[in-house]
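Reader: I am in my first year and would like to learn how the words used for a structure follow from its numbers. Could we go through one example slowly?

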Amino acid sequence: MILLLALLAGWLSGLAYARWQKRPYQIPTINYLWLAFVAFIPQLLAFYLPATRSRIPDGLAAANLVTSQTLLLGFAWMNRRLAGMWLLILGLALNLAVIIANGGFMPISPETAGHLIPAAAVQSMNVGSRFGFGKDVLLLPGDTRLAWLSDRFLLPDWFFYQVTFSLGDIFIASGIFWLLLRQGIPLIQHERLKRL
Amino acid sequence: MKNKLMQLSLLIHKINRQHIQLAFALLALAMLVLGAGAPDSGGSIGK
């Protein structure tokens with residue numbers, strides 16, 4: 001949800017800027033559009049659809065995640081000329097690296113998980129097991145490879161919505177925000193910004 | 001009823017090719033960020 005909020009914020013900001021400048025919002029020209037949909041299907045089945053995600057074994061879910069993210073990396077690479085796409089590629093590559101290094105899931109420590117669900121629920125889970133039906137796996141920091149790329153950041157406690165995210169997620173959110181905001185900025189002004 | 005049909009017809013005419021292109025582009029980008037990211041809110045625990 002937090003990444004969709006970044007997408008929505010970028011789009012609305014771009015629309016507002018274009019309206020303020022009295023010019024139309026440019027629709028991003030995306031190549032190989034179909035690839036994004038095809039690449040997402042394995043994750044849709046393994047993590048998002050309640051009817052299928054509970055039936056898919058963990059090993060297959062991990063394979064689905066790595067396959068899907070590799071295809072999405074290809075899709076992003078094909079569209080690398082879009083503004084902000086390099087940030088997205090960097091974020092995706094960082095997430096994919098830590099996921100592959102830890103057996104196909106994004107690691108999360110029991111301490112970080114305790115901020116999302118009651119501590120008793122975390123204690124009842126085995127270290128090394130999946131964290132619900134999501135993309136995360138519960139791992140001790142000492143057993144985590146590339147721990148600095150794992151889901152280790154949290155929003156402030158006072159925020160209405162609690163979520164943990166990785167460094168890669170920050171790059172992805174920044175990339176999509178900039179990509180969609182950029183569509184509302186006139187080309188001449190954009191060139192000026194690039195020179196700064 | 002006739003008025004409602006006319007309103008619907010007007011609305012459909014307003015949805016042009018560009019709106020559909022924008023919808024597909026946003027949908028593809030949503031797939032990309034949802035698939036590329038791995039944030040977790042713990043929402044799937046126990047469901």
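Reader: What is the handedness of the crossing of α2(A) and α2(B), left-handed or right-handed?

Author: Keeping in mind that this is a predicted model, the crossing of α2(A) and α2(B) is left-handed. The word applies when the near helix is turned anticlockwise from the far one by less than a right angle.

Reader: What makes α2(A) oblique to α2(B)?

Author: The axes of α2(A) and of helix α2 of chain B, which covers residues 17-36, cross at roughly 40° and come within 9 Å. Angles under 35 degrees count as roughly parallel and those of 65 to 115 as roughly perpendicular, and the angle here belongs to neither group, so α2(A) is called oblique to α2(B).

Reader: Which residues meet where α2(A) touches α2(B), and how do they divide by class?

Author: From α2(A) come A:L33, A:A36, A:F37, A:A39, A:F40 and A:Q43, and they meet B:F24, B:A28, B:M31, B:L32, B:L34 and B:G35 of α2(B). By class, these residues divide into 10 nonpolar, two polar and no charged.

Reader: How many residues are in contact when the chains are taken as a whole, and which element of chain A gives the most?

Author: In chain A 44 residues are in contact with 23 residues of chain B. The elements of chain A that supply two or more residues to this side are α1, α2, α4, α5, β1, β4 and α8, and α2(A) gives the most, with six residues. The side of chain A that touches chain B has 30 nonpolar, 10 polar and four charged residues.

Reader: Why are α1(A) and α8(A) called roughly parallel?

Author: Their axes cross at roughly 20° and come within 7 Å. Because angles under 35 degrees count as roughly parallel, the description fits α1(A) and α8(A). The crossing of this pair is right-handed.

Reader: Which residues make the contact of α1(A) with α8(A), and how do they divide by class?

Author: On the α1(A) side they include A:I2, A:L3, A:A6, A:L7 and A:W11, while on the α8(A) side A:D169, A:I172, A:F177 and A:R182 are among them. The residues of this contact divide into 14 nonpolar, three polar and two charged.

Reader: How do you know that A:P24 is exposed?

Author: A:P24, which lies in the loop between α1 and α2 of chain A, has 11 other C-beta atoms within 10 Å. A residue counts as exposed when that number is 12 or fewer, and A:P24 therefore earns the word. The C-alpha atom of A:P24 is separated by 30 Å from that of A:D169, a residue 145 residues apart from A:P24 along the chain.

Reader: What elements does each chain have, and what share of its residues count as buried?

Author: Chain A has nine helices and four strands, and from the N terminus on its elements run α-α-α-α-α-β-α-α-β-β-β-α-α. Chain B has two helices and zero strands. A residue is called buried if 20 or more other C-beta atoms lie within 10 Å of its own; 41% of the 196 residues of chain A count as buried, and for the 47 residues of chain B the share is 28%.

Definitions and conventions: Residues numbered from 1 in each chain as written. Chains lettered and ligands numbered in written order. Predicted model: local features only at pLDDT ≥ 70, side-chain atom pairs only at ≥ 80, totals over all residues. Contact = placed C-beta atoms within 7 Å. Nonpolar A, V, L, I, M, F, W, Y, C, P; charged D, E, K, R; others polar. Axes fitted to C-alpha atoms, helices over the stretch in contact; angles between N-to-C directions. Parallel < 35°, antiparallel > 145°, perpendicular 65-115°, else oblique.
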